Amino acid sequence: MTIAKICNLLRSELFNNGYEYGFYANGKKYRPNMSIGFDSEYYQLSNTIYRVQDPHDTIKEKIGTCIDAVVVMRSILDEHNICNKIWLLFNKEKNKAHTVLTFEAESKTVYLELTPQSAKPWYGKEIIYSCEQDFLKEYKENGYDVSEVTDFVVIGRAPKFLLRKLL
């Protein structure tokens, strides 16, 4: 499958379906209040009750975090036997963490940002690297600690791989 077809497949689910940023737990949707800047109540809830969502719940409820978006992407890619990895990008200086997914196609490494309602200028646009090392190099040069966390993203569990970095 080509890079364009894979990206269109992922975008057709996550980009075009009105997903919101937040999470679903105990039958309720939790969203940060973006109008107040840093929402300490949402942050506290995301550090205590949030669990990595089942991709079927994320798709049904149309709400998720960056982790949930990559879990949905991974489930779609796995259905098509497309090799993929989940990464934690952590900027210690800003104390910011972000989970992203890369996949392999056409002998390239591809990063496609599909976190709901992202303000990143590359949201919905694929970034193509000649190899995984180029992806890693770019983020490390921009001050990020980059860790592969594919095996640590467990549906139904708290994202300890991320929480350890932020606390």
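How many disulfides does a search of the whole structure find? The search finds 0 disulfides, and the tour of this predicted model can begin with the cysteines themselves.

**Stop 1: the cysteines**

Select cysteine 66 and display its sulfur together with that of cysteine 7, which is the nearest cysteine sulfur and lies 18 Å away, leaving cysteine 66 in no disulfide. Because its relative accessibility is 8%, below the 20% limit for burial, cysteine 66 counts as buried. Now move to cysteine 131, which is likewise in no disulfide, the nearest cysteine sulfur being that of cysteine 83, at 14 Å. Cysteine 131 is partly exposed, with a relative accessible area of 26%.

**Stop 2: confidence along the chain**

Colour the chain by pLDDT before going further, and keep in mind that the average is 93, with 99% of the residues scoring at least 70. Confidence is highest in helix α4, residues 66–79, at a mean of 98, and lowest in α6, at a mean of 88.

**Stop 3: helix α2 and serine 46**

Select residues 40–48, which make up helix α2, and pick out serine 46 within them. The side chain of serine 46 has a polar atom 2.8 Å from the backbone oxygen of tyrosine 43. With a relative accessible area of 17%, serine 46 is buried, and the buried residues of α2 are Tyr42, Ser46 and Asn47. If you look down the axis of α2, these buried residues fall within an arc of 135°, so they line one face of the helix.

What do the buried residues of α2 pack against? Show β1 (20–21), β2 (23–25), β3 (28–30) and α6 (160–166), since these are the elements that the buried residues of α2 pack against. For a link between distant parts of the sequence, add proline 159 to the selection: serine 46 and proline 159 are 113 residues apart in sequence, and their C-alpha atoms are 9.8 Å apart in space.

**Stop 4: aromatic pairs**

Next, show the side chains of the aromatic residues, among which a search of the whole structure finds 11 aromatic pairs. One of them is formed by phenylalanine 23 and tyrosine 30, which are stacked, with 5.0 Å from centre to centre and 20° between the planes. Phenylalanine 23 and tyrosine 30 are both buried.

Then select tyrosine 129 and phenylalanine 135, whose ring centres are 5.5 Å apart and whose planes stand at 75°, so this pair is edge-to-face. Are these two residues buried or exposed? Tyrosine 129 is buried, with a relative accessible area of 6%, and phenylalanine 135 also counts as buried, at 0% relative accessibility. Keep both residues selected and add Trp87, Tyr111, Tyr139 and Tyr144, because ring pairs link Trp87, Tyr111, Tyr129, Phe135, Tyr139 and Tyr144 into a cluster.

**Stop 5: glutamate 132 in helix α5**

Finish with glutamate 132, which is found in helix α5, residues 132–141. Glutamate 132 is buried, with a relative accessible area of 16%. Which residues does glutamate 132 touch, not counting those up to four places away in sequence? Display Lys85, Trp87, Glu104 and Thr109, which are the contacts of glutamate 132 once residues up to four places away in sequence are left out. Trp87 is also a member of the aromatic cluster shown at the previous stop, and with both selections displayed you can view the surroundings of glutamate 132 beside the linked rings.

Definitions and conventions:
Residues numbered from 1 in each chain as written. Predicted model: local features only at pLDDT ≥ 70, side-chain atom pairs only at ≥ 80, totals over all residues. Heavy atoms only, no water. Helix = DSSP H or I, 4+ residues; strand = E, 2+ residues; numbered from the N terminus. Buried < 20%, exposed > 50% of the residue type's maximum accessible area, 1.4 Å probe, protein only. Contact = heavy atoms within 4.5 Å. Phe/Tyr/Trp six-rings, centres within 6.5 Å; stacked < 30°, edge-to-face > 60°. Polar contact = N/O pair within 3.5 Å; in protein donor to acceptor, adjacent residues only side chain to side chain. Arc of directions from axis to C-beta. Disulfide = S-S within 2.5 Å. pLDDT = per-residue confidence, 0-100.
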